[in-house]
Amino acid sequence: MDLLGSILNSMQKPPTASEAQKNAMRKQKEAIEKKQKENKIMINKFRQRVEEKISDFMKDGTKQHLQFDPMDQMYRSIIRDVAETAGVQVFSFGQEGIDRYSVVYLKDKGPSEDEVAVRKSGGIWDEEKAIEMAKRRQMEKQAEKEDIEERSRKRKNKEEISGTFYKQKYAHLIGQEAALDAAHKTNMNKSYGEVPSENKKDQRSIEQTMADIKAKKMRKIETEKQSAEGNENI
């Protein structure tokens with residue numbers, strides 16, 4: 001025997017697994033495979049139940065939504081996959097790991113803003129809650145309508161007060177009837193302010209306008225002439 005063979009023979013051989021250890025490892029592997037198979041069967045059954053529920057929900061057509069119990073993200077993903085395949089909407093609400101759940105809606109009948117708000121806040125959405133929210137919306141619309149009407153009344157009163165002030169201020173100069181008529185005409189005009197647009201138009205004819213311009217020039221010349229004569233006499 002050579003030196004290398006002698007060294008190899010003197011080295012300690014690796015321990016070999018006993019028969020009991022081999023059996024234990026084999027059983028562990030079989031248990032894992034069995035568990036995986038059971039999980040797969042369970043998931044397939046769950047998917048099948050979801051498909052049946054969504055199918056019945058779509059055929060019924062009278063229900064507003066289909067709500068599932070809170071469950072893990074893996075099962076919710078199955079619900080979402082089935083819903084998208086069936087062509088319906090699915091929303092999830094609640095806190096992850098605590099009470100998050102999925103709700104399925106028909107494609108053209110999704111949740112209202114009120115329902116989404118209630119569910120996101122952790123509330124329960126049912127027919128009673130829907131009626132309550134509808135009444136609240138109606139009250140808000142009525143309040144908004146009354147607010148608009150109130151602002152309109154205040155604006156109208158303000159215009160009337162403005163006209164009355166004009167009448168009182170100039171009544172002693174132009175008479176009560178004329179002042180009242182003027183107050184009516186000076187109500188707010190949306191395009192031209194407080195003066196009616198008709199009052200801003202020049203009603204004179206071309207001939208009258210030219211005559212007025214000529215007369216104005218003559219008056220100016222006469223005034224200048226009188227001023228010059230006055231300076232000579234000083």
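In the predicted model, glycine 61 lies in the loop that connects helix H2 with strand E1 (66-67). This glycine is classed as partly exposed because its relative accessible area is 33%, a value that falls between the limits of under 20% for buried and over 50% for exposed residues. Although glycine 61 and leucine 106 are separated by 45 residues in sequence, their C-alpha atoms are 8.4 Å apart in space.

The protein chain as a whole contains eight helices and three strands. Read from the N terminus, these elements follow the order α-α-β-α-β-β-α-α-α-α-α. Of the 234 residues in the protein chain, 16% are buried. When contacts between residues at least 6 apart in sequence are considered, 40% of them join residues at least 24 apart.

The packing of two helices was examined next. Helix H2 comprises residues 19-60 and helix H3 residues 73-86; the two pack at an angle of about 45°, and their axes are 10 Å apart. H2 is therefore oblique to H3. The crossing in which H2 passes H3 is right-handed. On the side of H2, the contact is formed by Met42, Ile43, Phe46, Arg47, Val50, Glu51, Ile54 and Met58. H3 contributes Met74, Tyr75, Ile78, Ile79, Asp81, Val82, Ala83 and Ala86 to this contact. By character, 13 of the residues in the contact of H2 with H3 are nonpolar and three are charged, while no polar residue takes part.

Residues of both helices also appear in the nonpolar interior. In soluble globular proteins, nonpolar side chains tend to be buried together. The largest nonpolar core of the model consists of 16 residues. Within this core, the residues with the most contacts are Phe46, Val50, Ile54, Phe68, Ile79 and Val104. H2 and H3 are the elements that supply two or more residues to the core, and the greatest contribution, five residues, comes from H3. Phenylalanine 68 illustrates how distant parts of the sequence are brought into contact: apart from neighbours within four places in sequence, this residue contacts Val50, Lys53, Ile54, Ile79, Tyr101, Ser102 and Val104. A second core, separate from the largest one, has five residues, among them Phe93, Tyr101, Val103 and Val116.

Val116 is also one of the buried residues of helix H4 (residues 113-120), together with Asp114, Glu115, Val118 and Arg119. Aspartate 114, located in H4, counts as buried because its relative accessibility is 13%, which is under the 20% limit. If residues up to four places away in sequence are disregarded, aspartate 114 touches Trp125, Met133 and Arg137. Just after H4, glycine 122 adopts a positive phi of about 90°.

Key
Residues are numbered from 1 along each chain as its sequence is written. This is a predicted model: local features need pLDDT of at least 70, side-chain atom pairs count only at pLDDT 80 or more; totals for chains, interfaces and linings use all residues. Side-chain values use heavy atoms; hydrogens and water are left out. Axes are lines fitted to C-alpha atoms, for helices over the stretch in contact, and angles run from 0 to 180 degrees between N-to-C directions. Helices (H or I, at least four residues) and strands (E, at least two) are DSSP runs, numbered from the N terminus. Angles under 35 degrees count as roughly parallel, over 145 as roughly antiparallel, 65 to 115 as roughly perpendicular and the rest as oblique. A crossing is left-handed if the near helix is turned anticlockwise from the far one by less than a right angle, and right-handed if clockwise. Contact means heavy atoms within 4.5 Å. Ala, Val, Leu, Ile, Met, Phe, Trp, Tyr, Cys and Pro count as nonpolar, Asp, Glu, Lys and Arg as charged, and the others, Gly among them, as polar. A nonpolar core is a set of buried Ala, Val, Leu, Ile, Met, Phe, Trp, Tyr and Cys residues joined through side-chain atoms within 4.5 Å. Buried means under 20% relative accessible area, exposed over 50%, partly exposed in between (1.4 Å probe, protein chains only).
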